[in-house]
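Colleague: Could you walk me through this model and tell me what stands behind the terms you use?

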Amino acid sequence: MSALQLEGVGFTYPGAPAPALRRCSLRADGGAVTWLMGALGAGTSTALLVAAGLAPRHTGGERTGTVLTLGLDPATPSSATALGGRVALVLPSPATQLSGIAETVAQEVAFAPANLGWPRGRIHEGVAGALAALDIAHLAHRDPGTLSGGEMQRIVIAAMLVLQPELWLLDEPTSALDAAGRAILHRLMRSEAARGAAVVIASEDADGLAGVADRLVVFEEGRPVLDRRPDVLLRGGEVWAAGAGSTTIAELSRATGEAEPRPLTVEEGVARWTR
Amino acid sequence: MTLPPGAPASRAHPFTPLVLTLAVAVAVVSAPGPAAAAVLYGATILGVLAAGAGRAALRALVPLAPLWLFLFLLHGVLGEGDRIVMAGVSLSRDGLALAATQACRLGAIATASLALYAAFSPARFVDAVAARGWPFALSYLVVATLLALPRFRARAAAILEAQRSRGLRLQGNPFRRARALAPVTFPLLLGALAEVDERGFALETRCASGVTRRTPLDPPRDSVTDRAVRWLAGLAAAAMVCWRVLT
């Protein structure tokens with residue numbers, strides 16, 4: 001069974017003139033990194049909210065179709081409790097994802113395990129591991145509200161990592177990260193997939209994710225229209241036709257009118273253009 | 001928390017300053033006249049000084065000064081009843097007594113509240129509630145309420161700076177200043193609403209609405225002194241209410 005399964009899902013926000021998702025079908029399996037990409041309003045962020053059950057439970061609106069998150073419909077209150085700690089959600093703006101009650105980074109990361117009633121020893125051990133994995137152990141005693149956006153984003157990710165979730169739902173998680181932070185996140189996504197977790201990431205960071213994701217699912221008008229390996233899709237023209245983009249090098253190659261398949265990385269570009 | 005960690009109010013169990021503040025509010029509102037209200041205000045200032053939160057008493061004077069002036073004008077100058085002349089000004093005797101009572105009530109409540117705010121540690125309070133086995137929602141309600149103002153103020157400052165950098169002019173005649181309110185107020189309110197949504201998402205994802213009993217990370221010690229102070233404060237407030245009802 002897939003960790004995440006959407007079958008013919010439609011979703012319309014309250015008062016919206018058009019649905020954000022239309023007959024959207026998507027599967028994400030444990031052990032793989034699934035990358036969602038699309039133009040603005042294509043529905044990738046909504047798909048993550050629906051998968052987490054927050055749409056429509058928090059957002060309101062109307063959902064149709066079948067959603068199974070770790071085998072449960074996340075929109076029901078009982079499932080929300082059962083999924084607690086098993087699904088990680090990371091949103092683009094880190095400042096609004098802090099608990100607002102922690103005085104130190106360590107307390108912030110311990111927030112969810114404490115809510116789940118973990119024993120103190122297990123919490124401290126998990127917090128230390130998560131902080132080390134995100135390379136922010138030196139911030140453990142700092143006030144999270146006073147840190148930079150990139151540091152806050154790492155804290156938010158560490159606060160999810162400590163739970164060892166079975167399903168990761170990441171919406172533009174690199175929006176506030178610097179190059180070092182992005183590299184850490186990419187390594188983390190691979191290691192989480194290797195642990196058996198399903199990782200679903202909605203991002204436009206083609207340069208970063210081209211070599212990280214196992215699958216690229218391109219959304220257009222509220223549903224997936226392309227679903228293949230990233231290195232295959234990003235070299236072709238279909239992603240552009242769907243309103244999405246590719247890596248900087250592929251974009252450069254496209255702008256110069258080169259034929260497909262296009263190079264994706266600096267190394268590939270240099271190899272082609274210095275022949 | 002803005003007090004140094006060594007201050008008595010910082011070391012106290014988080015429920016103690018809260019109970020003391022509530023007791024001060026109940027007692028001073030029940031105080032029957034200016035003398036009792038003044039004694040309670042004085043006791044509050046002494047208590048706050050002893051707790052190491054003396055700045056709170058000073059800081060309370062900023063909002064209190066205009067309120068006291070307003071009370072003096074409303075009741076003392078414009079009040080009815082017997083008149084007395086002070087420094088050549090005719091004042092209402094009853095009005096002055098009422099103004100003094102209200103001024104002391106406001107002073108005691110503001111001073112105690114600011115001291116509570118200065119001594120308040122969100123994490124310690126949440127741990128104290130969790131240690132009692134009470135629901136997390138209860139502690140979050142208190143913490144979110146107390147932290148709402150500084151967050152709102154920080155957001156307002158950021159929006160103000162952003163709008164200034166886009167050419168918003170705040171100086172000038174009252175009409176221009178009033179017009180400048182809209183570009184600051186609307187983003188402030190809309191941003192606050194959006195933040196509520198996103199924070200709701202984050203809290204649910206982090207199991208804040210769970211049914212499991214929360215683990216206190218570092219439960220604060222509830223000493224005999226803390227418990228005694230809380231009981232005494234509660235009894236004193238109850239006694240003041242009884243006195244008010246019976247006299």
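**A covered strand and its neighbours**

Modeller: A:A198, A:V200 and A:A202 point one way from β7(A), A:V199 and A:I201 point the other way, and all are buried. This is a predicted model, where local features need pLDDT of at least 70, side-chain atom pairs count only at pLDDT 80 or more, and totals for chains, interfaces and linings use all residues. Residues are numbered from 1 along each chain as its sequence is written, with chains lettered from A and ligands numbered from 1 in the order in which they are written.

Colleague: What makes strand β7 of chain A mostly covered?

Modeller: Buried means 20 or more other C-beta atoms within 10 Å of a residue's own, with C-beta atoms placed from the backbone. In β7 (residues 198-202), 5 of 5 residues are buried, hence mostly covered.

Colleague: How do you know that β3 of chain A and β7(A) pair?

Modeller: Pairing takes at least two bridges found by DSSP. β3 (residues 33-38) and β7(A) have 4 bridges, in the parallel sense; one partnership is A:T34 with A:V200.

Colleague: And which strand is joined to β7(A) by 5 bridges?

Modeller: β6 (residues 167-171) of chain A, running parallel to β7(A). There, A:L170 stands opposite A:I201.

Colleague: Why is the β6(A) to β7(A) crossover called right-handed?

Modeller: Because, with the strands pointing away from the viewer, the path from the first strand over the helix to the second runs clockwise. Here the helix is α8 (residues 179-195), and the β-α-β crossover is right-handed.

Key
A residue is buried if 20 or more other C-beta atoms lie within 10 Å of its own, exposed if 12 or fewer, and partly exposed in between; C-beta atoms are placed from the backbone. Helices (H or I, at least four residues) and strands (E, at least two) are DSSP runs, numbered from the N terminus.
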